[in-house]
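Please look over the fold shown here before reading on. The report then walks through its packing and its local geometry.

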Amino acid sequence: MSIKIYTDGACSGNPGPGGWGAILHWNDHEKELSGGEDETTNNRMEMMAVIKGLEALNKASTVTIYTDSKYVQQGVHEWLEGWKARGWKSASKKEVKNRDLWERIDSLVQEHSVEFVWVKGHAGHEMNERVDKLAVEAIPKS
């Protein structure tokens, strides 16, 4: 099955309360997911949107993930293999930030055929605007 997952994260302050949103689209079907945390960062919310979108799949699929996060897209395509090869250390020998979530993403992408596509945020891309709204609405209110 071929599935498109649109993802976004948002934070009120960075760190601060944050939310994530994902929309899964396949055939003529669509499913919206969202959630939030009281104390987090924008990057963690971007990553949670990807994780929750992939976790919602109940069988191996061909997946295209659309994200406006260069951190997520580059992390998967450019940095992940090096981090793992260096024992989760960055090129500068520091601990990889958000390792817990990177390990979850790494595990999930092994279960599917996944491509990450970067889209410019806040540029009128209909689905990116929708997931941004989901993420913002999921930010816990104090």
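What follows covers the cores, the helix packing, two chosen side chains and the loops.

## Cores

The model is predicted. Its largest nonpolar core holds 29 residues. Which of them touch the most other members? They are Ile 5, Leu 54, Trp 102 and Ile 105.

Several elements each supply at least two residues of this core. The strands among them are strand 1 (2-11), strand 2 (16-26) and strand 4 (62-67). The helices are helix 1 (42-55), helix 2 (70-85) and helix 3 (99-110). Helix 1 gives the most, with 7 residues. In soluble globular proteins, nonpolar side chains tend to be buried together.

Leu 54 shows how the pieces meet. Leaving aside neighbours within four places in sequence, Leu 54 is in contact with Ile 5, Val 63 and Ile 65, among others. Its contacts also include Leu 108, Val 109, His 112 and Val 114. Of these partners, Ile 5 falls in strand 1 (2-11), while Val 63 and Ile 65 fall in strand 4 (62-67).

Another core lies apart from the largest one. This second core has 7 residues, including Tyr 6, Ile 23, Val 119 and Val 131.

## Helix packing

How does helix 3 sit against helix 1? The two axes come within 10 Å and cross at roughly 30 degrees. Angles under 35 degrees count as roughly parallel, so helix 1 is roughly parallel to helix 3. The crossing is left-handed.

Residues on both sides make this contact. Helix 1 contributes Arg 44, Met 47, Met 48, Val 50, Ile 51, Lys 52, Leu 54 and Glu 55. Helix 3 answers with Asp 100, Leu 101, Trp 102, Arg 104, Ile 105, Leu 108 and Val 109. Leu 54, Trp 102 and Ile 105 appear here, and they are also among the core residues that touch the most other members.

Helix 2 approaches helix 3 in another way. Their axes are 11 Å apart and pack at an angle of about 95 degrees. Angles of 65 to 115 degrees count as roughly perpendicular, so helix 2 is roughly perpendicular to helix 3. From helix 2, the residues in contact are Tyr 71, Val 72, Gly 75, Val 76, Leu 80, Trp 83 and Lys 84. They meet Trp 102, Ile 105, Asp 106 and Gln 110 in helix 3. Trp 102 and Ile 105 therefore face both partners: they meet helix 1 and they meet helix 2.

## Trp 118 and Lys 133

Trp 118 lies in strand 5 (residues 113-118). Is Trp 118 buried, exposed or partly exposed? At 34% relative accessibility, Trp 118 counts as partly exposed. Its side chain reaches the backbone oxygen of Asp 68 at 3.1 Å. Beyond its neighbours within four places in sequence, Trp 118 is in contact with Thr 67, Asp 68, Ser 69, Lys 70 and Gln 73. Trp 118 and Val 72 are 46 residues apart in sequence, yet 9.0 Å apart in space, C-alpha to C-alpha.

Lys 133 is found in helix 4 (residues 126-137). At 52% relative accessibility, Lys 133 counts as exposed. Lys 133 and Trp 20 are 113 residues apart in sequence and 9.3 Å apart in space, C-alpha to C-alpha.

## Loops

The loop between helix 2 and helix 3 holds Trp 88, Ser 90 and Asn 98. Buried means under 20% relative accessible area.

| Residue | Relative accessible area | Class |
|---|---|---|
| Trp 88 | 8% | buried |
| Ser 90 | 16% | buried |
| Asn 98 | 16% | buried |

Backbone angles stand out at two of these positions. Phi of Trp 88 is near 65 degrees, a positive value in a residue other than glycine. Asn 98 has a positive phi of about 65 degrees, although Asn 98 is not a glycine.

Ser 90 pairs with a residue in sequence reach. A polar contact of 3.0 Å joins the side chains of Ser 90 and Ser 92. Leaving aside neighbours within four places, Ser 90 is in contact with Trp 83 and Val 96.

A last feature sits in the loop between strand 1 and strand 2, where Pro 15 is found. Asn 14 and Pro 15 are joined by a cis peptide bond, with omega about 15 degrees.

Definitions and conventions
Residues numbered from 1 in each chain as written. Predicted model: local features only at pLDDT ≥ 70, side-chain atom pairs only at ≥ 80, totals over all residues. Heavy atoms only, no water. Core = buried A, V, L, I, M, F, W, Y, C linked by side-chain atoms within 4.5 Å. Buried < 20%, exposed > 50% of the residue type's maximum accessible area, 1.4 Å probe, protein only. Helix = DSSP H or I, 4+ residues; strand = E, 2+ residues; numbered from the N terminus. Contact = heavy atoms within 4.5 Å. Polar contact = N/O pair within 3.5 Å; in protein donor to acceptor, adjacent residues only side chain to side chain. Axes fitted to C-alpha atoms, helices over the stretch in contact; angles between N-to-C directions. Parallel < 35°, antiparallel > 145°, perpendicular 65-115°, else oblique. Left-handed = near helix turned anticlockwise from the far one by under 90°.
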